[in-house]
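Trainee: I've got a fresh structure open and I'd like to talk it through. Can we go region by region?

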Amino acid sequence: MSARLDEKLEPIYQEVLHRNPGESEFHQAVREVLETMGPVLVKYPEFADKKIIQRICEPERQIIFRVPWQDDRGEIHINRAFRVEFNSALGPYKGGMRFHPSVYLGIIKFLGFEQIFKNALTGMPIGGGKGGSDFDPKGKSDDEIMRFCQSLMTELYRHLGEYTDVPAGDIGVGSREIGYMFGQYKRITNRYESGIFTGKGIGWGGSLARKEATGYGTVFFTHEMLKARGDTLEGKKVVVSGSGNVAIYAIEKAHELGAKVIACSDSAGVIIHEAGIDLETVKRIKEVERRRIKAYLEVHKDAKYVEDGNIWSVPCDIALPCATQNELNGKDAELLIKNGCIAVAEGANMPSTPEGIQVFQAAKIAYGPGKAANAGGVATSALEMQQNASRDSWSFDYTQKRLEEIMIGIHKSCYETADEFGAPGNYVIGANIAGFLKVARAMDAMGVI
Ligand code: NAP
C-alpha cells in the first residue's frame, strides 16, 4: 500500500487519474512524487497558489504519429510513435527514445515525467521529454531497422532542434538506431546539426563515455551512498538485472571499483556466475551478436542459467536493477533484505514497485531511486551537447571525471535536501524535492506559460 497523500495533494492526484485514464505507469510516477511534496507546500505555499504541481503534471506538448514501414519481404507494417515534450523550464526537452512492444502513451509519460526531475538534478540546462514506439527491434534485419527509423524520423524531424527537443537512446535504441535517425534528419533538413541527438557514434559527433555513462553513474552513486555510511564497494557481491547498455557498464564500473558482480539477466532468464560475471563474454553476446544471455553458458560451464528465473533471489550485498520498470516488487525486496542486501541503486527507470520501495525504506538500507542514480546518462548527454556546441571533443578520462563530479553533486544535493526536510538518508524525498524546487523556481520566474 502507498503512503497517504497530503490533503492539498490528493485532489491533484485525483485530477491526474481523471485526465489520464488507463495510464497506470504514469499514475505511479506522479503519485511517488506527490507523496513527498507535502512539506514543500508548507514551506513554499506560493507554489500551491500558482498551481506549479498541476502544471508540471500536464505535458507541454504530446505528439502521436503513424510509422508505416516495409519488411524485407515487402509486407507493410504500421507502428505508433510518441514524443512527449513534458517540461522546458530549464532547457530544451531532453530524454531518450524507447523501441519496445510494451510502449504506449502511459509509459512514455511516466518516463518523461521522471525525466523532468532527473534532468533538473544534474544541474545542466535541460528540460524533460521522452519518446518511443511500440516497434519491436528483436529479430529484425538491419535494413528493416533502418527503414523503420527513417520512416519515424520523417515525421519526428519537424519537432526536434538543438534549442527545442533533443532525443537520445533508451531500451531498444542504441547507436545503430540513432545513426539511422540522425542520418534521416540530416537528409531531410540538409543540415548537419550534431546537437539534435545525443548518444551519437564516436567520429560523427558522439561523446566518449556517453555509452558507459548511465551504468558508470549508477555505480558512482552507489559508492557515494555507501561512503555516506562509512562503507565502500570493495569486496561487495553485486547482482545486476538486465544485460543491455545500462547493465553492461554498471557491471564494468562495479568490477573496476573492487566489487564482484555474480548475476545478470535478460527477459528470458538469469545467469549466475559465482566466480564473477565475465563482461567480455556478455558484451560479445549482447553488443555484437545480439543473442540471448543463455549463450554465456557456451563459454562458462561453471555458470548457472535459470530460465524465467528471479534474479532478486540471488543473495547479494548490493542490487542494481538495470532492466525495466516494475521489475522488483515487494516480495523481491523482502527476499533481498532477508539475504543481507544493504544497498539498492536503480539504473533503470522506476524498476521498484511502490511496495518494493516501502520495504527498502522500512529496512533503512541505502536506496537510490532512478531519477538520481541513473542521471549520469542524461548528464553526459548534456556534456555531448556542450562538445557539439563548441565543435570540440573531450577525452574519455576528462568526460568520465565530469560525470563522476556530477554524480557526487547529485548525491550531495539529495542527501542534504533529505536532511533539510527532516528525512535523513531518504534519497526519494531528497531527489524529488531537490529536482522539483529547481523546476518550480524557473517556472515561477517565467510567469503563467
Ligand atoms: P537496453 O540496452 O535495451 O537493455 C535493456 C535490458 O533490459 C535488456 O537486457 C532487456 O532484455 C531487459 N529488459 C527490457 N525489457 C524487459 C522486460 N519487460 N522484462 C525483463 N527484461 C527486460 O536498454 P538500456 O538503455 O540498458 O535501458 C535499461 C533501463 O535503463 C531502462 O529502464 C531505461 O529507461 C533506463 N535508462 C537508460 C538510460 C540510457 O542511457 N540508456 C539512461 C537512464 C535510464 P531483452 O534483451 O531480453 O529484452
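Mentor: Sure. Before we start, contact here means heavy atoms within 4.5 Å. Also keep in mind that this is a predicted model.

Trainee: Okay, so leaving aside neighbours within four places in sequence, which residues is Ser241 in contact with?

Mentor: Start with its place, which is in strand 6, residues 237–241. Its relative accessible area is 1%, and buried means under 20%, so Ser241 counts as buried. Once neighbours within four places in sequence are left aside, its contacts are Ala247, Ser265, Ile311, Trp312, Leu320, Pro321, Cys322, Ala323 and Glu327.

Trainee: How far is the backbone nitrogen of Cys322 from a polar atom of the Ser241 side chain?

Mentor: Cys322 is among the residues in contact with Ser241. For this pair, take a polar atom of the Ser241 side chain and the backbone nitrogen of Cys322: the distance is 2.9 Å.

Trainee: And how far apart in space are Ser241 and Leu328, C-alpha to C-alpha?

Mentor: In sequence, 87 residues separate them. In space, the C-alpha distance between Ser241 and Leu328 is 9.7 Å.

Trainee: On to helix 9. Why does its end-to-end distance agree with its number of residues?

Mentor: Helix 9 has 19 residues, 210–228, and at 1.5 Å a residue it should span 27 Å. The expected span uses one less than the number of residues. The end C-alpha atoms agree with that because they are 27 Å apart.

Trainee: Where does helix 9 bend?

Mentor: The angle is about 30°. As for its surroundings, helix 9 is mostly covered, with 16 of its 19 residues buried, and Gly230, with a positive phi near 75°, follows it. The bend itself is at Tyr216.

Trainee: Now the ligand. How much of its accessible area does the protein cover?

Mentor: Of the 23 residues around it, Asp170, Thr214, Ser267, Arg292 and Asn349 come nearest. Polar side-chain atoms of Arg292 and Asn349 lie 2.7 Å and 2.8 Å from an oxygen atom of the ligand, respectively. On its own the ligand has 880 Å² of accessible area, and the protein covers 82%.

Trainee: Which elements give two or more residues to the shell around the ligand?

Mentor: One of them is the helix that bends at Tyr216. The elements are helix 9 and helix 10 (245–256).

Trainee: Last one: is Thr399 buried or exposed?

Mentor: Thr399 sits in helix 16, residues 396–420, and its contacts include Ser207, Leu208 and Trp394. Its relative accessibility is 0%, so Thr399 counts as buried.

Technical notes. Residues numbered from 1 in each chain as written. Predicted model: local features only at pLDDT ≥ 70, side-chain atom pairs only at ≥ 80, totals over all residues. Heavy atoms only, no water. Helix = DSSP H or I, 4+ residues; strand = E, 2+ residues; numbered from the N terminus. Buried < 20%, exposed > 50% of the residue type's maximum accessible area, 1.4 Å probe, protein only. Bend = angle between axes of the 7 residues up to and from the residue. Near = heavy atom within 4 Å. Polar contact = N/O pair within 3.5 Å; in protein donor to acceptor, adjacent residues only side chain to side chain. Areas by Shrake-Rupley, 256 points an atom, 1.4 Å probe, with all protein chains shown as cover.
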